[in-house]
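Reader: Could you take me through one part of this model in some detail? I would like a close look at the surroundings of the ligand.

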Amino acid sequence: MPLPRLCSGTDVRAINAATEDERWMRRALTLAARAAGETNPNPLVGCVIVRAGHVIGEGFHARAGLAHAEVVALERAGERSRGATLYVNLEPCAHQGRTPPCAPRLVAAGVRRVVVAQRDPNPLVNGRGLALLRRHGVAVTTDVLASEAAQLNERFLSPFRTGRPFVLLKAALTLDGKIATATGDSKWITRPAARAQARRLRRLHDAVLVGVGTVLADDPLLLPRPALRRPFHRVVLDSRFRIPLASRLVRSARRTPVVVVGLDVNPRKRRALAASGVHVWVDRGASRQVRLPWLMRALLRQRIRSLMVEGGSEVLGAFLAARFVDQVALFRAPLLLGGQDSLSAFGGKGPRRIGEALALSRLSPLASAPSRLRQSEEEQMELWYPRPAPRTPLQRRSRGTRSERLS
Ligand SMILES: NC(=O)c1ccc[n+]([C@@H]2O[C@H](COP(=O)([O-])OP(=O)(O)OC[C@H]3O[C@@H](n4cnc5c(N)ncnc54)[C@H](OP(=O)(O)O)[C@@H]3O)[C@@H](O)[C@H]2O)c1
């Protein structure tokens, strides 16, 4: 009896081609991830050029201002890129930035086919790169490993969707959810390996933020380690400018920028801070404390597109209550502290109903499967994402503008 035919010859060829595309795109994603933390405000991009089943050139974007991944790969492939297939995780750009546009270079190099994981939502690109390639007869395939690519670039992509910086809330806490004793002692809840990992996590962001309560209690430096070769900001919420001029943050402000954000009060201290090299931001519309929606807009204006909020209790509680949360990183230590007067990780006034809790998931809303790219970095840390809230009928009818969503 003849065996049933599972696939026609055409199906098998299509499946093989799809698997081949995924294989090379995975390589492009792995290359892109090598520069994690270094490329801000640019995305992570990797590129592989393949001809007759062999890699003839590959590369990744190493830092803003340096060559884009496609250009690195094209230069390595040279003349052999004529007729080849190019894999890149983000749509090639079509606009002049700090470097010339990539899409015309791909056309000039004679690349026959371009496979991309996802479109670039940057309004300067957003489909223009793909349209240019198609206009010049280059075959284009999209959406190959799109969710892996989206998760890799979640910090870059998120502000285009939300109109505010990507926000990671990070806390080192005991098993009963405490971040400090009643006296403010928190050194050290976690072990050195976890603290080193938290310092590495800072490297992925444009800024870290704490409340002045943490500065007064701990006098932290809040630096990323290893050090970065790109701008990085340390932000303090301090409505009345209580931060000591002798604090380590203020004393190091000329080396790594420090922003102290407060209200229109205490002009003398503001001048002293500015004279020490601190950037002083004033929320003139606030009456009691810095308003977080205002802060989100101010950060974005300064090109701070991803923010790691490191506490303390009151500040983490304020971000949670405002729902400015895209990711939560918990470093949990095997300790029980107990005591109603110990500080809970997320302070402030809690909601009245369990239904108002923020529901979390291990899965990024951008991804269809947990990314394998980040597993090795997560050994000490639990990473969570807010579950997308079900949309109300009103939200379904009107999606709202960015500024409406922020207010
Ligand atoms: N284990 C950990 O992961 C960890 C991390 C960080 C800190 N800690 C511990 O947490 C303790 C400090 O926490 P904390 O709750 O006392 O202080 P905090 O959260 O660091 O700072 C709170 C202060 O920030 C200022 N602020 C300005 N605008 C704000 C806004 N919109 N929302 C909230 N706060 C705003 C307020 O002071 P003004 O009204 O004067 O502006 C407020 O009192 C320390 O003991 C520290 O050791 C632990």
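Author: Happy to! A residue counts as near a molecule if its C-beta atom, placed from the backbone, lies within 6 Å of that molecule. Please keep in mind that this is a predicted model.

With that cut-off, 31 residues surround the ligand, and the closest of them are Gly211, Gly213, Ser239, Gly311 and Gly312. Several elements give two or more residues to this shell: the strands β6 (166-173), β7 (178-180) and β8 (207-211), together with the helices α8 (212-218) and α12. The largest share comes from α8, with five residues. By residue class, the shell divides into 14 nonpolar, 11 polar and six charged residues.

Of these contributors, let us follow α12 a little further. This helix spans residues 313-322, and because seven of its 10 residues are buried, it is largely enclosed by the rest of the structure. The buried ones are Ser313, Val315, Leu316, Gly317, Ala318, Phe319 and Leu320. After the helix comes Arg323, which has a positive phi, near 60°.

For some context beyond the ligand shell, there is also an open sheet of five strands, ordered β2-β1-β3-β4-β5, with mixed pairing. Its edge strands, β2 (54-60) and β5 (139-141), each pair on one side only, and the twist from one strand to the next averages 20°. Within this sheet, β4 (residues 113-118) and β5 pair in the parallel sense over three bridges, and Val114 stands opposite Val140 in β5. Helix α2 (residues 69-77) lies across β1 (46-51), β2 and β3 (85-90), running at about 140° to β2.

Definitions and conventions:
Residues numbered from 1 in each chain as written. Predicted model: local features only at pLDDT ≥ 70, side-chain atom pairs only at ≥ 80, totals over all residues. Buried ≥ 20, exposed ≤ 12 C-beta atoms within 10 Å, placed from the backbone. Helix = DSSP H or I, 4+ residues; strand = E, 2+ residues; numbered from the N terminus. Nonpolar A, V, L, I, M, F, W, Y, C, P; charged D, E, K, R; others polar. Pairing = 2+ DSSP bridges. Axes fitted to C-alpha atoms, helices over the stretch in contact; angles between N-to-C directions. Contact = placed C-beta atoms within 7 Å.
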